[in-house]
Every structure is written in C-alpha cells, then in structure tokens.
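The following exercises are to be worked with the sequence and the structure in view. Each task is followed by a solution in steps.

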Amino acid sequence: MKKSNASNKDKKSIVKKVEVTRAIEFSSGDVAFDLKVDDAVTIYSMLYKEVTSKDGKEYQIINFPQEKGKDGNYYNRVYFFIDDELKAEIIRQLEEKVDA
C-alpha cells in the first residue's frame, strides 16, 4: 500500500455536520463532550483541551475516546479526520455550550 505524500492541510473531512450534544468544563479548563456526527452516530466522552508547547506555541486539541490495549498503549476507539473548518465549528459549539 502506497503512503500518501499529502499533508493534513490538503485533506478534507468526510463529515458534513456535527452537533455538540453535551459539554462539561473541568476546573483545569479541559472540556469533556459528546459529539453527534451527520445525524447518525454519537461519540461519547471526547475531550477538548488547550496546550502550550515548550516553545510557547498554543494548540487546541480534540481527543477521541481511548482505551488501553494489552500492550499498555492507548488506542482511539473511534476516529475520523477533523479538518480546520470542522475543528473550528466544534470549538464554536463547545464555547456556546460551556458559556450557556
């Protein structure tokens, strides 16, 4: 199987519609949330957090639910590619839910 040379910036998400159905903000600033995808599937226990790297860059991270494998590593239970446009929409909805 050939590996693609395309960067993530060239990719588009196949998901057309998302809806944050529940969001809970922790004192750390992290937000646990449920995400309904294309009116078909709900993904429970996703996590949004803001992280600052050692060189001072700030990142907004959306994590899918994970479970620990027999090898001790953690693996996503579900995953789909989130492009910048979809990420911005999820964050916008999270801000609305948390501020409400």
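**Exercise 1: The lining of a pocket**

In this predicted model, helix H1 contributes five residues to the lining of the second largest pocket, the largest share. Task: determine which elements give two or more residues to this lining, and how the lining divides by class.

Solution.
Step 1. The lining residues include Tyr 48, Glu 50, Ile 91, Leu 94 and Val 98.
Step 2. Two elements give two or more residues to the lining: strand S3 (41-52) and helix H1 (84-99).
Step 3. By class, five lining residues are nonpolar, three are polar and four are charged.
Step 4. The volume of the pocket is about 190 Å³.

**Exercise 2: A salt bridge between strands**

Task: state which parts the salt bridge of Arg 22 and Asp 34 ties together, and decide whether Asp 34 is buried or exposed.

Solution.
Step 1. The closest N and O atoms of Arg 22 and Asp 34 are 2.8 Å apart.
Step 2. Arg 22 belongs to strand S1 and Asp 34 to strand S2, so the pair connects parts 12 residues apart in sequence.
Step 3. Buried means under 20% relative accessible area. Asp 34 has 5% and is therefore buried, whereas Arg 22, at 36%, counts as partly exposed.

**Exercise 3: Salt bridges within a helix**

Task: find where Arg 92 and Glu 89 lie and which network includes them.

Solution.
Step 1. Both residues lie in helix H1, three residues apart, about one turn of the helix.
Step 2. Their side chains form a salt bridge of 2.7 Å, N to O.
Step 3. A network of salt bridges links Glu 89, Arg 92 and Glu 96.

Conventions: Residues are numbered from 1 along each chain as its sequence is written. This is a predicted model: local features need pLDDT of at least 70, side-chain atom pairs count only at pLDDT 80 or more; totals for chains, interfaces and linings use all residues. Side-chain values use heavy atoms; hydrogens and water are left out. On a 1 Å grid over the protein atoms alone, a cavity is a set of points where a 1.4 Å probe fits but cannot get out, and a pocket is an open set with protein on both sides within 12 Å along at least five of seven lines; lining residues have an atom within 4 Å of a point. Grid points are joined across faces, edges and corners, and a volume is the space filled by probe spheres set on the points. Helices (H or I, at least four residues) and strands (E, at least two) are DSSP runs, numbered from the N terminus. Ala, Val, Leu, Ile, Met, Phe, Trp, Tyr, Cys and Pro count as nonpolar, Asp, Glu, Lys and Arg as charged, and the others, Gly among them, as polar. A salt bridge is a side-chain nitrogen of Lys or Arg within 4 Å of a carboxyl oxygen of Asp or Glu. Buried means under 20% relative accessible area, exposed over 50%, partly exposed in between (1.4 Å probe, protein chains only).
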